[in-house]
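Visitor: I'm new to looking at protein models, and I'd like a close look at just one part. Could you walk me through it slowly?

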Amino acid sequence: MGERIGSAPVAGLASKDRITAEDVVMLRREVFADGVVTRGEAEALFALDATATDRCQEWPEFFVEAVADYIVHQEKPAGYISEDNADWLIRTISRDGMVDSLTELELLVHVLERAKSSPGRLSAYALEQVANAVVDGKGPLMLGGALVPGLVAKAEVDLLRRILHAYGGDGNIAITRVEAEVLFQINEQTAAAHNDPSWNDLFVKALANFVMCSAGYEAPTRDVALRRDSFLDQAEPEIGGFFSRMVSGAGIMEAYRSPGDIEAEWESKNRAAEALARRAETIDASEAKWLADRIGTDRPLRDNERALLTLIKLASPEIHPALKPLLDKVA
């Protein structure tokens with residue numbers, strides 16, 4: 001490890017199992033004044049976080065800030081998460097494939113937010129941590145008993161949205177296949193629960209972005225596609241009211257045609273290049289099969305699946321035959 005790690009102040013913290021506000025001030029000013037600059041120093045901070053049983057409220061912010069700055073800016077290339085650094089971070093914060101502390105989960109998300117670019121599996125790993133907590137009640141989100149296993153609460157939706165936004169930097173316009181898989185897993189496992197209405201909003205917008213972009217569609221960025229003030233929020237004062245009306249077939253066109261909706265944004269983007277847009281809008285066999293396999297035709301459509309199909313039907317003039325049985329359900 002670096003010379004600073006062998007210093008008496010850090011060794012003293014490791015031996016007393018308690019980190020105070022004064023300790024954090026000392027670490028900021030004396031030990032890491034110029035930042036965490038070696039992997040050994042970062043690993044020493046992980047060791048302190050793991051062994052200290054009594055941490056002051058200032059510790060998590062310092063820990064996340066210091067380690068994230070090291071991974072994103074001190075390691076080369078600066079601003080980008082390499083495959084090696086992603087592997088190291090996942091390996092360091094994982095216990096049996098899961099993050100086991102809220103501080104380390106926040107570190108993971110913070111790294112994604114600060115990096116200009118990162119490997120796709122880092123975003124997928126972060127999403128999987130939320131899925132573990134939502135579906136099985138496992139992981140750091142369960143600490144304090146705030147979660148109900150099998151139900152998506154608003155806090156989890158906000159965290160999922162934060163992760164998806166974070167990975168949208170440096171040209172990652174579209175939701176990826178791996179990200180979409182995790183979202184479908186959550187939707188499938190919580191279908192019978194009274195999820196927070198914001199989950200439907202996120203699910204529809206994220207999956208529409210994935211399906212249309214994967215077909216070459218000139219869709220808006222994921223930042224636009226996932227924002228809170230888009231079409232589902234404008235459809236009704238309460239998003240739950242929108243979905244209940246949608247099931248009965250009332251007000252669907254009015255809801256999706258509201259000012260600022262995603263469908264309108266896609267239409268506006270493509271109007272200037274109609275010929276190219278029509279080719280790009282086509283949902284091809286790969287995306288059609290992927291979606292059909294996950295929604296299927298042997299059960300009633302779920303509300304948010306109906307909304308997703310309706311949006312695709314409105315936005316794409318050419319639909320692959322594999323989707324026709326599903327789209328017939330929303331006719």
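Visitor: Let's pick the place where α9 and α17 come together: within what distance do their axes come, and at roughly what angle do they cross?

Guide: Happy to, and keep in mind that this is a predicted model. The axes of α9 and α17 come within 11 Å, and they cross at roughly 15 degrees. Angles under 35 degrees count as roughly parallel, so α9 is roughly parallel to α17. As for the handedness, α9 passes α17 in a right-handed crossing.

Now for the residues that touch. On the α9 side you'll find Arg-177, Ala-180, Glu-181 and Phe-184, and they meet Ser-286, Trp-290, Leu-291, Arg-294 and Ile-295 on the α17 side. Sort that contact of α9 with α17 by class and you get five nonpolar residues, one polar and three charged.

Two of the names in that contact deserve a pause: Glu-181 from α9 and Arg-294 from α17. Their side chains meet in a salt bridge, with 2.7 Å from N to O. This pair ties together distant parts of the chain, since Glu-181 sits in helix α9 (residues 177-189) and Arg-294 in helix α17 (residues 285-295), 113 residues apart. Are these two buried or exposed? Neither label quite fits: Glu-181 has 30% relative accessibility, so it counts as partly exposed, and Arg-294 is partly exposed too, with a relative accessible area of 25%.

For a bit of context, let's put another pair of helices beside this one. Helix α3 (residues 39-51) and helix α5 (residues 83-93) pack at an angle of about 20 degrees, with axes 11 Å apart. That angle makes α3 roughly parallel to α5. Here, α3 passes α5 in a right-handed crossing. In α3, the residues Arg-39, Ala-42, Glu-43 and Phe-46 meet Asp-84, Asn-85, Trp-88, Leu-89, Thr-92 and Ile-93 in α5. This contact of α3 with α5 divides into five nonpolar, two polar and three charged residues.

Charged residues turn up here as well: Arg-39, Glu-75 and Asp-84 are linked in a network of salt bridges. Another residue to find in helix α3 is Glu-41. With a relative accessible area of 2%, Glu-41 is buried. Glu-41 and Val-67 are 26 residues apart in sequence, and their C-alpha atoms are 9.0 Å apart in space.

Back to salt bridges, then. A search of the whole structure finds 18 of them, and two others are good to set beside the pair from α9 and α17. One joins the side chains of Asp-201 and Arg-161, at 3.4 Å from N to O. That pair also links distant parts of the chain: Asp-201 belongs to helix α10 (residues 197-214) and Arg-161 to helix α8 (residues 154-166), 40 residues apart. Asp-201, at 2% relative accessibility, counts as buried, and Arg-161, at 4%, counts as buried as well.

The other bridge joins the side chains of Asp-49 and Arg-55, at 3.4 Å from N to O. Asp-49 counts as buried, at 2% relative accessibility, whereas Arg-55 counts as partly exposed, at 37%.

So when you go back to your chosen spot, look for α9 lying roughly parallel to α17, then look for the salt bridge between the side chains of Glu-181 and Arg-294.

Conventions: Residues are numbered from 1 along each chain as its sequence is written. This is a predicted model: local features need pLDDT of at least 70, side-chain atom pairs count only at pLDDT 80 or more; totals for chains, interfaces and linings use all residues. Side-chain values use heavy atoms; hydrogens and water are left out. Axes are lines fitted to C-alpha atoms, for helices over the stretch in contact, and angles run from 0 to 180 degrees between N-to-C directions. Helices (H or I, at least four residues) and strands (E, at least two) are DSSP runs, numbered from the N terminus. Angles under 35 degrees count as roughly parallel, over 145 as roughly antiparallel, 65 to 115 as roughly perpendicular and the rest as oblique. A crossing is left-handed if the near helix is turned anticlockwise from the far one by less than a right angle, and right-handed if clockwise. Contact means heavy atoms within 4.5 Å. Ala, Val, Leu, Ile, Met, Phe, Trp, Tyr, Cys and Pro count as nonpolar, Asp, Glu, Lys and Arg as charged, and the others, Gly among them, as polar. A salt bridge is a side-chain nitrogen of Lys or Arg within 4 Å of a carboxyl oxygen of Asp or Glu. Buried means under 20% relative accessible area, exposed over 50%, partly exposed in between (1.4 Å probe, protein chains only).
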